[in-house]
Amino acid sequence: KEKTKYFKAENPNKIIEYLKEKKNKIEESEEKINSLIPALLKLTTNDETSTSVYEGFKGFQTAFEHYYQKLKKGEEYYSWGVYPFQDEKYHIYWERDHLRRKKSGIKCKILFNHGTDKEILKNRNSFWGCEARYMPSSMKTPAWFITYKNVTGIFLQGKKPIVVEIINQEIADSFKA
């Protein structure tokens, strides 16, 4: 009024209405995105060869957890060359992952390098669907491998973890053999 701005407080219940509107918009966006995901998955899942590199602990987790997207209940992944010494954060991660893997009904077979504490092997074997053993003593590798379906992962857990993920059926079959 007369070049002066006046403000009046609105009913505080308007905040709830505002949040409900935002929530509805988010739910609508979620529905749209969910309808697009099948088409996007078709674009990203093909039989061609692809390679991805992941770095750091988060990248390590991302690459490792791809098996949840491809394996179904009753199927399994194979892992070998697991290094005997790992930071505590990896052991904590494995504990959580084995519980999640059980809920998904996915099995695993793991071969550890010699030198791995027997308690670690005993721990892994205590989880449902996990069969852990030692590799032959003549074999030792600082990298470890995982394979399932058409995926092969090469993991190096140094100070800066790095993972090379290869999507190729022939390579996965050769590693499984």
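Me: In this predicted model, how many of the 9 residues of helix α2 are buried?
Reply: Helix α2 covers residues 56-64, and it is largely enclosed by the rest of the structure. The buried residues of α2 are G56, F57, G59, F60, Q61, A63 and F64. Out of the 9 residues in the helix, the number buried is therefore 7.

Me: Which helix gives the most residues to the largest nonpolar core?
Reply: The largest nonpolar core has 29 residues, and those with the most contacts inside it are F60, F64, Y67, Y77 and W144. F60 and F64 are also among the buried residues of α2. With 4 residues, the element that gives the most to this core is α2.

Me: Which residues of α2, F60 and F64 among them, does W144 touch?
Reply: If residues up to four places away in sequence are left out, the contacts of W144 include S79, W80, G81 and V82, and also W94, G153, I154, F155 and Q157. Helix α2 runs over residues 56-64, and the contacts of W144 in that range are F60 and F64.

Me: How many of the 7 residues of strand β2 are buried?
Reply: Strand β2 spans residues 76-82 and is largely enclosed by the rest of the structure. That description rests on the count of its buried residues, which is 5 of the 7.

Me: In which sense do β2 and β3 pair, parallel or antiparallel?
Reply: Strand β3 covers residues 107-112, and 6 bridges link it with β2. Within this pairing, S79 stands opposite I110 in β3. From β2 the chain passes through helix α4, residues 88-104, to reach β3, and this β-α-β crossover is right-handed. The sense in which the two strands pair is parallel.

Me: Which residue of β5 stands opposite S79?
Reply: Strand β5, residues 143-148, is joined to β2 by 3 bridges, and these two strands run antiparallel. S79 also faces I110 in β3, while its counterpart in β5 is I146.

Me: Why is there no bond between the sulfurs of C130 and C108?
Reply: A disulfide is a covalent bond between the sulfur atoms of two cysteines. Here a pair of cysteine sulfur atoms must lie within 2.5 Å to count as a disulfide, and a search of the whole structure finds 0 of them. C108 is in no disulfide, although its nearest cysteine sulfur belongs to C130. The sulfur of C130 is too far from that of C108 for a bond, because the distance is 3.4 Å.

Me: What is the relative accessible area of C108?
Reply: C130 is buried, with a relative accessible area of 9%. Since buried means under 20%, C108 is buried too, and its relative accessible area is 1%.

Key:
Residues are numbered from 1 along each chain as its sequence is written. This is a predicted model: local features need pLDDT of at least 70, side-chain atom pairs count only at pLDDT 80 or more; totals for chains, interfaces and linings use all residues. Side-chain values use heavy atoms; hydrogens and water are left out. Buried means under 20% relative accessible area, exposed over 50%, partly exposed in between (1.4 Å probe, protein chains only). Two strands pair if DSSP finds at least two bridges between them. A crossover is right-handed if, with the strands pointing away from the viewer, the path from the first strand over the helix to the second runs clockwise. A nonpolar core is a set of buried Ala, Val, Leu, Ile, Met, Phe, Trp, Tyr and Cys residues joined through side-chain atoms within 4.5 Å. Contact means heavy atoms within 4.5 Å.
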